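Reader: Hi! I'm new to reading structures, and I'd love a close look at one part, the place where the ligand sits. Could you walk me through it?

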Amino acid sequence: MKENIWRKDFPILDQEIYGKPLVYLDNAATSQMPVQVMERLAEHYKTEHANIHRGIHYLSEKSTEAVEQARKTIKGFVKASEAEEIIFTQGTTDSIHLVAAGIAEELLREAAGAMEDNAGLAGAVSRAGIVTTQMEHHSNYVPWQQVCRQTGAQFFVCPAPDGELDLDALEEILKNNRIRLVACAHVSNLTGTVNPLDQIIPLAHRYGAEVLVDGAQGILHQPVNVQELDCEYYCFSGHKMTGPTGIGVLYGKRACLEKLPPVRFGGGMVDIVTEQKTTWGPVPHRFEAGTPNIAGIIGLGAAVEYLLEHDIEAMHAWEDDLMAYALEKIGALPYVRILGHPKKRAGAIAFAVDGAHPYDIASMIDKAGVAVRSGNHCAQPMLQALGESAAVRVSPAFYNTKEEVDTLCEVLEKVITMLRRFQS
Ligand code: PLP
């Protein structure tokens, strides 16, 4: 088998747990960090740690420069047209919340305006709707459900039978309602479905809706070109793309960011503050109130540099090969049912086992050194649609190998046999 040229950069993988070599296949939860990112973080703390944008001393300027350089690097990575379209957040959940809360305010203002015009609140809001999908992570589902609850807007869920979005159903929703926004994952964190954004985004636009893409699972496993995609928003987390935790990005088209009301107020985001009124600073700073996660931003910039310098296309090709191999091998194990049969899959394979609980499987294979995830994967609507309440998820990344998939399958087979024996 071919040698994995990136693996040596990930020291955490080179260890034994419970006396067995670690096989880390839980990358959809959190990916690992290359040593280059750790070194950049250490350098930042050792030589430039200071608050940004406010000071005029050497360290503050150095830190500010590093943060703004990271913004430019990330802009290049997702192919945004301007660095100002990159907003730093705490992660995907936080990015989605920023847009959801802004849209909630806009919908409430619209409703209040309609009341003043005597059109009536019910009339105003009944025309507004938000669509999400059955395959979303709770982070891209619950915020929209709550926005609709708070504003009276209608909440629509596009079905995803067998892990594939029903685009005819989506079009019906778009055609028959005034949809403000479609919120949709790039890649499902459960079934690994790669959604056809090249169809979904133009479809939504045809009916006047904006599109927010949850890119938490897309950003590492798929090429991302936000200008080509033409989405209004694309959200992702540092820790799912070899960067640190606690840092994420909201990409937004400048025109959308200019009209989105900021919902977090404080230092760094204002222009003029008086007793009567506050005016906002420019995009992106108006969305970055308070001291940001400076080290996180710099670490994320270093992670993106790592991906760019180490040939992300080759990483994707490696992952595609590994996913096909894993899907075939896991699917061939006795009593295993792979969940969902999407046309295109990346990053994650979920399965159930007849006669064995996912929690027991994951706990037992952990003791053999293999890290996978079990549970509802924050995707209860998708699991329910698939007729399950829990699943095991295997999620490889570019530094995993076929040998590790072999180890996983050997261990899985033993554990499944044992658990079924106990249950019979
Ligand atoms: N969306 C998807 C598809 C995810 O997989 C996750 C995390 O697992 C999230 C959103 C939330 O990401 P975070 O916890 O980094 O905010």
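Reader: To start with, how far is an oxygen atom of the ligand from an N or O atom in the side chain of Lys240?

Author: Happy to help! Please keep in mind that this is a predicted model. In it, the side chain of Lys240 has an N or O atom 2.6 Å from an oxygen atom of the ligand. The protein also covers much of the ligand's surface: taken alone, the ligand exposes 390 Å², and 85% of that is buried by the protein.

Lys240 has company. Thr93 places a polar side-chain atom 2.6 Å from a ligand oxygen, and for Ser237 the distance from a polar side-chain atom to an oxygen atom of the ligand is 2.7 Å.

Now look at the whole shell. Around the ligand you will find Thr92, Thr93, His137, Ser139, Asn189, Asp214, Ala216, Gln217, Ser237, His239 and Lys240. Sorted by character, these shell residues are eight polar, two charged and one nonpolar. The space that the ligand takes up is the second largest pocket.

Finally, step back to the overall layout. The protein is assigned a domain 1, made of 7-30 + 312-423, and a domain 2, covering 42-308. Their C-alpha centres are 30 Å apart, and the contact between them takes 34 residues from domain 1 and 29 residues from domain 2.

Notes. Residues are numbered from 1 along each chain as its sequence is written. This is a predicted model: local features need pLDDT of at least 70, side-chain atom pairs count only at pLDDT 80 or more; totals for chains, interfaces and linings use all residues. Side-chain values use heavy atoms; hydrogens and water are left out. A residue is near a molecule or strand if one of its heavy atoms lies within 4 Å of it. A polar contact is a pair of N or O atoms within 3.5 Å; within protein, one must be able to donate a hydrogen and the other to accept it, and residues adjacent in sequence count only if both atoms are side-chain atoms. Accessible areas come from the Shrake-Rupley method with a 1.4 Å probe; for residues, only the protein chains shown count as cover. On a 1 Å grid over the protein atoms alone, a cavity is a set of points where a 1.4 Å probe fits but cannot get out, and a pocket is an open set with protein on both sides within 12 Å along at least five of seven lines; lining residues have an atom within 4 Å of a point. A molecule sits in a cavity or pocket if more than half of its atoms lie within 2 Å of its grid points. Ala, Val, Leu, Ile, Met, Phe, Trp, Tyr, Cys and Pro count as nonpolar, Asp, Glu, Lys and Arg as charged, and the others, Gly among them, as polar. Domain bounds come from an automatic or database domain assignment. Contact means heavy atoms within 4.5 Å.
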